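Me: Please take a close look at one part of this model, namely the local backbone and its surroundings in the loops. I should like the description to begin with the chain as a whole and then to narrow to individual residues.

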Amino acid sequence: EVTASSRHYVDRLFDPDPQKVLQGVIDMKNAVIGNNKQKANLIVLGAVPRLLYLLQQETSSTELKTECAVVLGSLAMGTENNVKSLLDCHIIPALLQGLLSPDLKFIEACLRCLRTIFTSPVTPEELLYTDATVIPHLMALLSRSRYTQEYICQIFSHCCKSLDSETLAFAFVRMQALKCFSVLAFENPQVSMTLVNVLVDGELLPQIFVKMLQRDKPIEMQLTSAKCLTYMCRAGAIRTDDNCIVLKTLPCLVRMCSKERLLEERVEGAETLAYLIEPDVELQRIASITDHLIAMLADYFKYPSSVSAITDIKRLDHDLKHAHELRQAAFKLYASLGANDEDIRKKIIETENMMDRIVTGLSESSVKVRLAAVRCLHSLSRSVQQLRTSFQDHAVWKPLMKVLQNAPDEILVVASSMLCNLLLEFSPSKEPILESGAVELLCGLTQSENPALRVNGIWALMNMAFQAEQKIKADILRSLSTEQLFRLLSDSDLNVLMKTLGLLRNLLSTRPHIDKIMSTHGKQIMQAVTLILEGEHNIEVKEQTLCILANIADGTTAKDLIMTNDDILQKIKYYMGHSHVKLQLAAMFCISNLIWNEEEGSQERQDKLRDMGIVDILHKLSQSPDSNLCDNLLYA
């Protein structure tokens with residue numbers, strides 16, 4: 001039974017006024033959503049041929065065409081009979097034609113409808129392959145948007161499940177298709193999980209990629225297959241210990257780094273390998289002992305050599321212009337190799353002139369090479385041993401400070417992160433860095449709009465203040481200014497807040513320093529501590545803040561600032577009874593430092609705290625089943 005209202009929707013599609021037609025299509029779209037009966041009625045009344053006509057008419061506006069594609073997609077989401085009716089009206093050629101439009105919204109609507117049709121069991125998959133230009137065009141559309149990627153991938157993964165070998169050669173093995181998969185899988189877990197399960201001729205797609213890694217295949221094919229497997233692995237679709245990664249992909253990428261390969265192949269090989277092994281220490285170890293890779297990469301810096309075998313003058317000219325890409329790729333791979341393992345870092349640094357090469361890289365004209373060199377140095381600076389030796393021998397801090405003076409944010413983030421390592425108390429570079437104006441520079445970073453730079457600036461200052469002389473602490477406070485310090489204490493970024501509390505804690509250590517700083521900044525610091533203890537902060541933030549109070553309580557004159565502040569004492573009392581042991585412990589340290597027997601005025605302080613009921617709480621805590629609390633009470 002076809003209702004009159006349904007007929008009304010179809011009639012409006014034939015109105016001579018284009019604006020009324022558009023409104024009619026929009027109303028039809030709203031009417032069919034989730035209403036299978038209405039969809040069936042409209043199909044019976046002949047809405048589909050009219051919608052397809054409007055969709056293909058050159059005189060139709062893009063908005064009208066897009067709305068028609070949306071309605072057709074909605075009709076396709078009904079029953080299998082609906083899809084059959086759409087196929088009978090030759091919907092696929094019309095939608096494929098629509099993909100040639102320059103308008104992205106219209107393309108996405110056509111693809112969404114094609115996806116719905118091709119994933120229906122009643123649609124013959126070979127309809128995708130009737131025109132040889134379709135697959136290349138779909139590949140060209142892949143990178144247009146997240147949606148084009150998603151829909152095309154779903155079409156491919158569905159239509160490639162039962163391909164015969166001939167079609168397989170056409171749709172897959174062509175380099176275009178392979179490149180398309182590498183684009184699809186890059187940092188895209190959803191697509192990678194789909195691709196990993198695609199069957200072609202009874203074989204899983206990753207197994208086909210592995211076959212393409214064989215040495216007798218064209219180099220471009222080997223490289224691109226290795227990229228596909230790498231990206232699927234990094235997206236979590238293939239395990240890092242899977243044989244196809246450890247025994248096939250990784251060795252193939254190492255092969256690409258050998259000097260027999262062309263410059264661009266060596267660059268791509270090294271960069272892809274760097275990406276593959278970056279998060280996984282086991283893959284880093286395996287790569288480091290495969291084909292003498294660490295030594296092989298040293299050749300990247302000698303290219304082209306004076307006795308270069310390149311006889312083709314055009315090729316030589318090209319390679320001279322692109323030699324910096326080799327250096328960038330080598331630095332990237334060294335950074336990944338040395339990310340975790342001390343022995344690998346040692347091997348890298350002991351490679352001929354390595355530190356000199358990195359130092360030279362820091363001042364190269366190419367931003368990409370500078371960034372890669374800083375990343376490499378940062379990776380190596382995680383080694384205590386190297387900070388004490390090679391980094392000192394080559395005065396690495398000098399070019400690093402130069403890099404920090406005027407660099408784009410992406411370089412600043414890595415360089416400042418490395419500076420944090422060079423400022424650790426055991427690093428011999430700490431002194432000369434301080435003398436070269438680092439305090440001002442780091443205080444400047446804390447004012448950056450980039451949260452990563454604020455974190456690194458304050459982190460480096462925190463490391464600088466650790467067990468530092470009074471003069472350095474005074475310099476930090478003067479350069480940073482109390483206003484900026486308190487701005488950082490109310491920063492929306494949790495890392496910034498935690499590092500600022502860490503800085504404050506390091507500034508307020510050793511009695512003379514505590515008393516000196518509190519005599520000049522006591523009022524503001526107590527105010528900040530109060531605000532944090534009252535605010536909505538997590539356990540770690542409150543624990544750090546109570547530890548700062550415990551440090552203040554350890555001062556000789558500074559402790560009076562706590563004893564004369566009943567509000568703070570009440571807060572300490574509250575945290576002694578808190579349900580979280582970490583906070584109880586930190587509050588007890590404050591009390592312990594306030595009532596220490598051997599210090600002047602301890603009796604009066606004990607009397608005041610007894611009157612406030614704090615001693616009773618201490619007594620109760622001494623009967624706590626928590627051994628951690630009891631041990632600390634004995635100390636108190």
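Reply:
**From the whole chain to single residues**

The protein chain has a radius of gyration of 34 Å, whereas a compact globule of 636 residues would have one near 26 Å. The model is a predicted one, and every value below is to be read in that light. Along the principal axes, the C-alpha atoms occupy a box of roughly 100 × 80 × 45 Å. The secondary structure consists of 41 helices and 2 strands. Among contacts with a separation of 6 or more, 67% join residues that are 24 or more positions apart.

As to the surface, 55% of the 636 residues count as buried. The exposed area of the chain is about 29100 Å², of which carbon and sulfur atoms supply 51%. The side chains include 66 positive and 77 negative ones, and the centres of these two sets lie 2 Å apart.

One annotated span may be placed before the loops are considered. In an unreviewed entry, UniProt lists residues 46–82 as "repeat: ARM". In the model this span is 76% helix and 0% strand, and its end C-alpha atoms lie 12 Å apart.

The loops themselves offer two residues for close inspection. Glu187 belongs to the loop that joins helix H12 (175–185) to helix H13 (189–196). Its phi is positive, at about 50°, although Glu187 is not a glycine. Glu187 is classed as exposed because its relative accessible area of 56% is over the 50% cut-off.

Thr510 lies in another loop, between helix H33 (494–507) and helix H34 (511–534). Thr510 is likewise not a glycine, yet has a positive phi of about 70°. Its relative accessible area is 47%; partly exposed is the class between the limits of 20% and 50%, and Thr510 is therefore placed there.

A residue within a helix may be set beside these two loop positions. Ser417 is part of helix H27, which comprises residues 409–422. With a relative accessibility of 18%, Ser417 falls under the 20% limit and so counts as buried. Once residues up to four places away in sequence are set aside, Ser417 touches His378 and Asn456.

Taken together, the loop residues Glu187 and Thr510 are exposed and partly exposed respectively, while Ser417 in its helix is buried.

Methods
Residues numbered from 1 in each chain as written. Heavy atoms only, no water. Helix = DSSP H or I, 4+ residues; strand = E, 2+ residues; numbered from the N terminus. Rg over C-alpha atoms; globule rule 2.2 N^0.38 Å. Buried < 20%, exposed > 50% of the residue type's maximum accessible area, 1.4 Å probe, protein only. Contact = heavy atoms within 4.5 Å. Areas by Shrake-Rupley, 256 points an atom, 1.4 Å probe, with all protein chains shown as cover. Lys, Arg positive; Asp, Glu negative; His and termini not counted. Charge placed at Lys NZ, Arg CZ, Asp CG, Glu CD. UniProt positions renumbered as here; feature names shortened; annotations may be inferred.
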